[in-house]
Amino acid sequence: MLIFIALIFCGAFVSPWVYRVCRKCTGHLLALIPATLFFYLLSLLPQISARQVLIESYPWAPTLGLNLCFRVDGLSYLLLLIVSGIGMLIVLYGGGYLKNHHHEDRFYAFILLFMGSMLGVVCADNLYLLFIFWEMTSLSSYLLIGFNHERKEARQAALQALLITGLGGLALLAAIIIIEVRTGVVTITDLLNYPSSLTQDSYYPYLLALVLVAAFTKSAQFPFHFWLPSAMAAPTPVSAYLHSATMVKAGVFLLARLYPVLSGSLAWKYSLTIFGGFTMLLGAFSALKQTDLKKLLAYSTVSTLGTLILLLGVGNTLALKAAVLFLLVHALYKGALFMVAGTIDHETGTRNVHYLGGLGRKMPITATASFLAAFSMAGIPPFQGFISKEIIYEANLQSGAYALWLVIAGVLTFSCMIAVAFICGLRPFISRHLITPKIPHEAPYSLWLGPLILSVLGLIFGLWPQWIDDSLSSAVTHLSGIPHTVKLSLWHGLNLSLGLSLLTLLIGFTIYKMRHRLRSWHLPRSLFHYITPAHLYEVILHYMLRVAESLTAIIQHGLLRRYLMVFVSILLAGQLWANFTAQTFTLPWTGTHSIAWGEFILIALMLQAALAACVLQSRLMVVIALGFIGYGVALIYAFYGAPDLAITQVLVETLTLVLLLILLSKVSPFTQKSSTYQKMRDAITALTVGIIVAFTVNQALQLQTYPSISKWFSENSLLAKGHNVVNVIIVDFRALDTLGEITVLVLAAIGVVALLKKTTSTTS
């Protein structure tokens with residue numbers, strides 16, 4: 001898996017160059033990467049069907065006990081097939097949908113970056129590696145949602161998705177840290193084999209809350225559901241891939257992956273059941289109010305995600321089987337319908353259902369794919385959607401005391417989904433012909449191939465469901481941690497589930513016929529608008545920005561003197577604490593070295609020059625005083641037998657003096673802008689800084705963490721045929737370091753020369 005993930009990331013990196021070389025066939029070439037992975041995964045089907053777990057590990061940070069671990073079992077295998085298979089079709093679809101778009105090359109890079117990140121989330125065994133890929137999906141989805149960044153709507157939607165899913169990412173990191181602290185394991189394999197149950201741990205409530213926040217934000221559960229419909233500002237290929245088949249399933253996958261170690265408690269059951277059930281109903285009812293094809297599909301996706309979360313909360317055997325099957329079913333029909341919606345928009349110029357009709361004759365292949373996907377979404381036999389709906393009803397009927405309420409919620413939800421399926425998948429093609437902004441015609445094959453393949457698979461797996469029994473059995477086994485066998489069949493006999501399916505079809509068709517009345521029904525805005533999660537998000541974001549602006553006005557005031565004062569105050573506090581709490585603190589004059597009269601006189605003169613630089617009003621005299629200090633330092637080097645350093649100091653000081661004189665000739669004369677109080681404050685601060693720095697240097701000279709290497713350099717300098725130790729160190733022992741410093745100086749000199757030439761030419 002590491003090779004394939006790296007290959008996909010490499011494809012993202014080189015895609016702009018591939019686009020420049022062969023613009024028309026870029027999508028076909030890049031689709032070969034996920035196609036290769038997809039067929040490789042198919043070759044692993046016998047091992048996965050036998051419920052084997054494939055694990056590979058590579059060194060990452062061995063000293064920290066971290067490895068690049070990947071785990072492929074039945075559960076991750078199902079998601080890997082979805083990510084790679086639909087990803088292959090999306091890359092082809094995107095090549096046709098975004099043909100001649102001025103950022104088409106950018107789309108390929110972003111979509112492959114997301115694909116690699118999603119693959120990492122699905123098969124990562126190391127929890128920290130899972131977190132890294134999790135955050136990469138958020139970042140890459142931000143780029144994809146904001147793909148049309150010229151539009152304000154796209155930028156706002158991208159930021160909203162990033163902030164909300166980013167919050168979930170932080171929660172996931174905190175949960176991982178708690179898991180490692182409480183269990184000592186950092187891999188999913190070790191966690192699934194952990195001998196004791198995490199539900200009995202005292203930190204379990206906090207751990208569960210953090211995991212739920214991570215999953216709910218990623219999978220658009222109430223109250224975080226509103227970011228998903230807003231993300232429809234992304235191009236349709238992005239919506240079809242991220243927001244129907246892959247990214248939004250990451251939260252569901254996280255809960256399914258941790259199901260064996262976190263489920264079994266009442267907190268798990270009630271949290272997932274209540275939030276999942278409410279999201280399921282909210283998404284279904286909200287979808288009926290929409291007229292944009294993508295918004296219709298987006299809200300129905302929110303409802304489906306709520307259904308999956310609900311099933312994980314119910315947790316009986318049938319519920320887990322239904323969750324795994326429904327995850328696959330939804331990816332097939334919703335991915336197809338999203339692509340159909342994009343094709344309709346591409347060929348007609350609109351996605352508004354009020355302006356679409358009679359497209360079946362103009363776009364027969366697209367219509368065929370749409371009909372098949374819509375029938376599967378509506379749960380009409382013999383499609384796979386019918387089988388999944390039957391199992392969901394059976395799971396709800398066996399859910400105990402709350403069976404009646406779950407069945408009622410399921411009937412209402414699936415009835416709305418049937419109406420949405422008819423509105424999106426049938427009405428644009430079978431109703432009377434309407435005039436559209438563009439004259440419709442059948443789309444190129446790149447736009448209908450993907451939805452046709454996905455919708456046909458929904459029919460095939462409905463007619464011959466036994467073909468996927470073994471792989472689903474493996475997925476359910478690794479989800480629950482207990483061996484399960486899945487036996488799917490199209491006909492379950494005359495039972496209550498079949499009756500509920502027929503009732504759902506009847507209610508759904510009725511809702512479809514009454515859709516115009518339902519859209520015209522509005523709740524009072526004053527009652528609900530101001531307490532919706534979307535509005536609360538806007539309010540919180542607004543006040544966060546206001547607070548940030550206020551803090552910025554206080555902290556980033558633009559006065560350099562205050563910045564410097566804060567900096568040195570913090571420096572002083574830290575240095576004072578470090579110096580006066582050190583057990584080995586000694587005063588600088590307690591050493592055995594004696595100061596010669598010449599050195600004493602030189603130091604006294606340097607102190608006088610420093611004081612003069614502070615009080616003199618003439619800029620020239622200030623520069624001379626500062627220069628005297630610099631040349632005095634050079635003399636100190638000479639007194640202590642370091643002629644090389646003395647020469648360097650003289651050269652640097654001379655250059656500095658020249659530059660200061662040039663700069664000061666261009667600025668205004670000194671003016672008095674500080675009060676007496678400010679001058680006293682600055683003087684005390686400067687004096688304190690000088691004293692503290694002196695003491696700190698003294699302390700640093702007394703530290704000896706490792707044995708001194710001075711003696712070694714002195715003894716071995718003769719071997720390098722040199723009598724000056726400093727020269728030998730610079731030229732021989734640290735030759736590469738010296739070469740790097742010379743290179744930096746040369747580059748700086750070239751830059752200065754270039755600037756001088758540019759200034760000269762501009763002036764002339």
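This passage describes the salt bridges, the largest cavity and a nonpolar surface patch of a predicted model. Residues are numbered from 1 along each chain as its sequence is written, and side-chain values rest on heavy atoms, with hydrogens and water left out. Because the model is predicted, local features need pLDDT of at least 70 and side-chain atom pairs count only at pLDDT 80 or more, whereas totals for chains, interfaces and linings use all residues.

Across the whole structure, seven salt bridges are found, the criterion being a side-chain nitrogen of Lys or Arg within 4 Å of a carboxyl oxygen of Asp or Glu. One of them joins the side chains of Arg71 and Asp73 at 2.8 Å, N to O; Arg71 is buried, with a relative accessible area of 8%, and Asp73 is buried at 0%, where buried denotes under 20% relative accessible area, exposed over 50% and partly exposed the range in between (1.4 Å probe, protein chains only). Arg71 and Asp73 also belong to a network of salt bridges that includes Arg257. Another pair, Arg151 and Glu153, meets at 2.7 Å, N to O, with Arg151 partly exposed at 36% and Glu153 partly exposed at 44%. Arg182, itself partly exposed at 36% relative accessibility, forms a salt bridge with Asp201, the closest N and O atoms being 3.1 Å apart. Since Arg182 lies in helix H7 (residues 152-183) and Asp201 in the loop between helix H8 (188-192) and helix H9 (204-218), this pair ties together parts that are 19 residues apart in sequence; helices here are DSSP runs (H or I, at least four residues) numbered from the N terminus.

The search for cavities (sets of points on a 1 Å grid over the protein atoms alone where a 1.4 Å probe fits but cannot get out) returns three of 30 Å³ or more, and the largest holds about 100 Å³ of space. Its lining comprises 15 residues (an atom within 4 Å of a point), of which Phe326, Tyr333, Met377, Phe414 and Met417 are the closest to the centre. Helices H15 (293-314), H16 (317-348), H17 (364-378), H18 (384-397) and H19 each give two or more residues to this lining, which divides into six nonpolar, eight polar and one charged.

On the surface, a nonpolar patch of about 1000 Å² (nonpolar side chains joined within 5 Å, each residue having over 30% relative accessible area and no salt bridge) includes Tyr270, Phe285, Tyr402 and Trp405. Helices H14 (266-288) and H19 (403-430) each supply at least two of its residues, with H14 giving the most, five. Leu266, a patch member placed in H14, is exposed, with a relative accessible area of 57%.

Notes. Patches are made of residues with over 30% relative accessible area and no salt bridge: like charges are joined within 9 Å, nonpolar side chains (Val, Leu, Ile, Met, Phe, Trp, Tyr) within 5 Å. Accessible areas come from the Shrake-Rupley method with a 1.4 Å probe; for residues, only the protein chains shown count as cover. On a 1 Å grid over the protein atoms alone, a cavity is a set of points where a 1.4 Å probe fits but cannot get out, and a pocket is an open set with protein on both sides within 12 Å along at least five of seven lines; lining residues have an atom within 4 Å of a point. Grid points are joined across faces, edges and corners, and a volume is the space filled by probe spheres set on the points. Ala, Val, Leu, Ile, Met, Phe, Trp, Tyr, Cys and Pro count as nonpolar, Asp, Glu, Lys and Arg as charged, and the others, Gly among them, as polar.
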